[in-house]
Amino acid sequence: MTLKFYKYQGTGNDFILADNRTNQYSSLTTDQIRRLCDRRFGIGADGLMLLNQKAGYDFEMKYFNADGREGSMCGNGGRCITKFAYHLGIHRIDYKFIAVDGDHEAEIDPDGIVSLKMKDVDKIRRFHSDFILNTGSPHYIKPVNEVMDIDVYKKGRDIRYSKDFEAEGINVNFVEQVTDDKIIVRTYERGVEDETYSCGTGVTAAALVYYHNENGFNDVEVKTLGGTLTVEFDRMGEEKYANIWLCGPAEKVFEGEVVVK
Ligand SMILES: N[C@H](CCC[C@H](N)C(=O)O)C(=O)O
């Protein structure tokens, strides 16, 4: 099969996208997706997404991690696929799409910034001196000093493959607070099994945890290795977070065709 693909990135979290509205790519296998995402044998990406047709929605987002397996929600992916939908001619003021964790809304600013509404969060678990929560994907949040000096691959891997998380896996975020409304996040991603330049659901999780700690923000600027995102949300009483929006750039990098064997 020949795959017509589009490469996108959102703060350095990069994806292969394909228009699957006629189901022509639905038969892609785990091995084929893993190979396409491989940075030496393939196009190279943190994940692959299919844009599917879905009644009642502008589109459906089907997301696969770089290991070829279907992942849980991807925040940067959701922002990139919205831009992709726009480029395919699906023009809306308010996009409505469905992903693995349910319904999402998204908007594209005149300056190209894409904002994505994330699912509500109603539980943040304490785990020793760290935190665990699900923002569409499961996240482990570890507060640290000097996040740039951390060996994210090694330390992230140790947590991800520890007894508590080995079976299901978890995404591990190391977070440094810079000022009252600014944090830096570095993420070890499950399914990529490496550090990525940015993880949207991880950035969202980190922003919520810092509010949960009553540091008082509801509009948090988050720096990642690949750029800056903002997270806006309302805290509705104890441990209930709603109207969570993840905002930042999402750009097409190139497009092409590849023969998939
Ligand atoms: N990069 C993604 C997270 C992908 C989730 C995936 N790593 C999984 O746990 O299935 C993001 O921007 O939110």
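User: Let's start with Glu-176. Leaving out anything within four places in sequence, which residues is Glu-176 in contact with?

Analyst: Val-144, Asn-145, Glu-146, Val-147, Ile-183 and Ile-184. This is a predicted model, by the way. For a pair to count as a contact, the two C-beta atoms have to lie within 7 Å, and each of those six residues makes a contact with Glu-176. Glu-176 itself lies in strand S11.

User: Why is Glu-176 called partly exposed?

Analyst: Buried starts at 20 other C-beta atoms within 10 Å, and exposed means 12 or fewer. Glu-176 has 19 C-beta neighbours inside 10 Å, so it falls in between and counts as partly exposed.

User: And how far is Glu-176 from Phe-254, in sequence and in space?

Analyst: They're 78 residues apart in sequence, and 33 Å apart in space, going C-alpha to C-alpha.

User: Staying on S11, what about Asn-171: buried or exposed, and how do you know?

Analyst: Asn-171 is found in strand S11, which covers residues 171–179. It has 27 C-beta neighbours inside 10 Å, and the cut-off for buried is 20 or more, so Asn-171 is buried. Not counting residues up to four places away, Asn-171 touches a list of residues that includes Ser-137, His-139, Thr-187, Glu-189, Arg-190 and Gly-202.

User: Why is Asn-171 marked as "binding site"?

Analyst: That label comes from a UniProt record, an unreviewed entry, which lists Asn-171 along with Asn-13, Asn-65, Gly-75, Asn-76, Glu-189, Arg-190, Gly-200 and Thr-201. A warning goes with it: such annotations may be inferred rather than shown by experiment.

User: What makes Asn-65, also on that list, count as buried or exposed?

Analyst: Same kind of check. Asn-65 has 24 other C-beta atoms within 10 Å, and buried needs 20 or more, so Asn-65 is buried. Asn-65 sits in strand S4, residues 59–65. Beyond four places in sequence, its contacts are Gly-47, Gly-71, Gly-191 and Val-192.

User: Which residues come nearest to the ligand?

Analyst: Of the 17 residues around it, Gly-71, Gly-75, Asn-76, Gly-200 and Thr-201 come nearest. Helix H2 gives the largest share of this shell, three residues, and H2 and H4 each supply at least two.

User: How do the shell residues divide into nonpolar, polar and charged?

Analyst: There are two nonpolar, 13 polar and two charged residues. Watch out for glycine here, because Gly counts as polar.

User: How do you know which domains the shell draws on?

Analyst: The chain is assigned a domain 1 (2–114 + 250–259) and a domain 2 (125–248). The shell draws at least three residues from each of them. The C-alpha centres of the two domains lie 23 Å apart, and their contact takes 18 residues from domain 1 and 23 residues from domain 2. On the domain 1 side, helix H2 (residues 75–87) gives the most, with three residues.

User: What makes Ala-206 stand out in the largest nonpolar core?

Analyst: The core has 70 residues, and Leu-17 and Ala-206 are the ones touching the most other members. Helix H4 (residues 200–215) gives the most to this core, with seven residues, and at least three residues come from each of the two domains. Past four places in sequence, Ala-206 is in contact with Ile-141, Asn-173, Val-175, Ile-183, Val-185 and Val-222.

How values were computed: Residues are numbered from 1 along each chain as its sequence is written. This is a predicted model: local features need pLDDT of at least 70, side-chain atom pairs count only at pLDDT 80 or more; totals for chains, interfaces and linings use all residues. A nonpolar core is a set of buried Ala, Val, Leu, Ile, Met, Phe, Trp, Tyr and Cys residues joined through C-beta atoms within 7 Å. Helices (H or I, at least four residues) and strands (E, at least two) are DSSP runs, numbered from the N terminus. Domain bounds come from an automatic or database domain assignment. A residue is near a molecule or strand if its C-beta atom, placed from the backbone, lies within 6 Å of it.
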